[in-house]
Amino acid sequence: MPEPIKVLLTGAAGQIGYSLAGMVARGDMFGPEQEVILHLFDIEPMVESLKGLEMELQDCSFKPLRGVVVTHLPEVAFDQIDVALMVGAMPRKEGMERKDLLNANVHIFKNQGQALDKYAKKTVKVVVVGNPANTNALAMMKNAPSIPKENFSALTRLDHNRAQSYIARRLGVPSDSVKNCIIWGNHSNTQFVDVSHATVNKDGKSIPVFEAVGDENWIKNDFLSAIQKRGAAVIAARKLSSALSAAKAVTDHMRDWWFGTKKVCFLTCLRAFL
């Protein structure tokens with residue numbers, strides 16, 4: 001059996017972390033036979049909450065879960081990790097300007113980039129989830145010069161999954177019948193959802209999405225706007241930001257990066273060095 005994969009999860013006491021920890025421990029990310037050791041990392045006041053999450057993970061009796069490390073210390077959290085799921089970030093608060101949010105998060109990801117550079121394996125794969133994900137990924141990459149640039153990415157898979165699912169519901173097919181949606185731009189309401197290469201498997205045939213939908217106006221207006229504003233719609237409905245779907249997107253992102261994709265299959269992520 002291969003060695004356990006050490007997976008760092010930052011912001012582990014938060015909503016996304018709570019959902020994501022279970023997915024990793026269950027084998028959704030690396031498979032049911034691959035053992036994992038979860039490094040749960042958050043600020044010191046959240047350590048007691050992390051201990052509760054550790055107990056729940058133990059009580060689930062997940063076969064792939066070899067061990068759990070709970071800590072607020074970077075030198076422990078980042079030690080010899082294979083994968084870094086960078087979920088934790090400063091949230092935007094009432095009255096906070098965007099530049100204030102950027103300044104706070106650049107400081108956080110600068111420090112975490114330095115910890116990554118000092119303690120993690122040089123082969124570590126990093127996905128940044130905390131927003132603004134692309135800026136945070138760049139800050140982290142710049143402060144971890146010994147890690148290859150191609151090992152850093154920022155999450156766009158949530159938007160990709162949203163687009164795929166939205167089209168599938170429109171056409172009345174399973175979501176995995178829709179392939180090759182592309183997200184251009186940042187994880188924001190300025191992104192562009194490109195379905196010019198997308199296809200749908202319907203009645204045993206692969207059909208271009210434009211042809212299957214048969215309504216270009218819907219694709220260019222209603223559909224695009226819905227995906228751009230989906231995060232805001234979730235917040236309006238549940239009074240909290242996306243958590244379960246974000247955790248699923250992180251899992252999909254890392255699984256496909258780790259194992260590779262099927263032939264002629266497009267997936268979307270942001271690379272920090274572009």
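UniProt positions are given here in the numbering used for the model, with feature names shortened, and such annotations may be inferred rather than shown by experiment. The structure is a predicted model, in which local features need pLDDT of at least 70 and side-chain atom pairs count only at pLDDT 80 or more, whereas totals for chains, interfaces and linings use all residues. Residues are numbered from 1 along each chain as its sequence is written, and side-chain values use heavy atoms, with hydrogens and water left out.

The UniProt record, an unreviewed entry, places the annotation "active site" on His187. His187 is situated in the loop between strand S8 (182-184) and strand S9 (192-194), where helices (H or I, at least four residues) and strands (E, at least two) are DSSP runs numbered from the N terminus. With a relative accessibility of 29%, His187 counts as partly exposed, given that buried means under 20% relative accessible area, exposed over 50% and partly exposed in between (1.4 Å probe, protein chains only). Contacts of His187 (heavy atoms within 4.5 Å), with residues up to four places away in sequence not counted, are made to Asn131, Leu155, Leu158, Asp159 and Arg162. Of these contact partners, Asn131 is joined to Pro132 by a cis peptide bond with omega near -5 degrees, and Pro132 lies in the loop between strand S5 (125-128) and helix H5 (133-142).

An open antiparallel sheet is formed by three strands in the order S7-S10-S11, two strands being taken as paired if DSSP finds at least two bridges between them. Strand S7 (178-179) and strand S11 (205-208) each have a single partner strand and stand at the edges, so one side of each is left without a neighbour in the sheet. Strand S10 (residues 199-202) pairs with S11 over four bridges in the antiparallel sense, and Thr199 has Pro208 of S11 as its bridge partner. Positive phi values occur in the loops that follow these strands: Asn180, in the loop between S7 and S8, has phi near 70 degrees although it is a residue other than glycine, and Asp203, in the loop between S10 and S11, has a positive phi of about 55 degrees and is likewise not a glycine. Asn180 is buried, at a relative accessible area of 8%, whereas Asp203 is exposed, at 74%.

The largest nonpolar core (a set of buried Ala, Val, Leu, Ile, Met, Phe, Trp, Tyr and Cys residues joined through side-chain atoms within 4.5 Å) has 35 residues, and those with the most contacts inside it are Leu20, Leu38, Leu40, Leu57 and Leu85. At least two residues of this core are supplied by each of several elements, including strand S1 (5-10), helix H1 (15-26), helix H2 (47-60) and helix H10 (244-259). Another core, of 23 residues, lies apart from it and includes Ile81, Ala120, Val126 and Ala139. Leu85 touches, among others, Val7, Leu20, Val127, Val250 and Met254.

Helix H10 has 16 residues, which at 1.5 Å a residue (multiplied by one less than the number of residues) should span 22 Å, and the end C-alpha atoms are 22 Å apart, which agrees. Among the buried residues of H10 are Val250, Asp252, Met254 and Trp257, and Gly260, just after H10, takes a positive phi of about 90 degrees.

A search of the whole structure for disulfides (pairs of cysteine sulfur atoms within 2.5 Å) finds zero. Cys60 is partly exposed, at 44%, whereas Cys181 is buried, at 0%.
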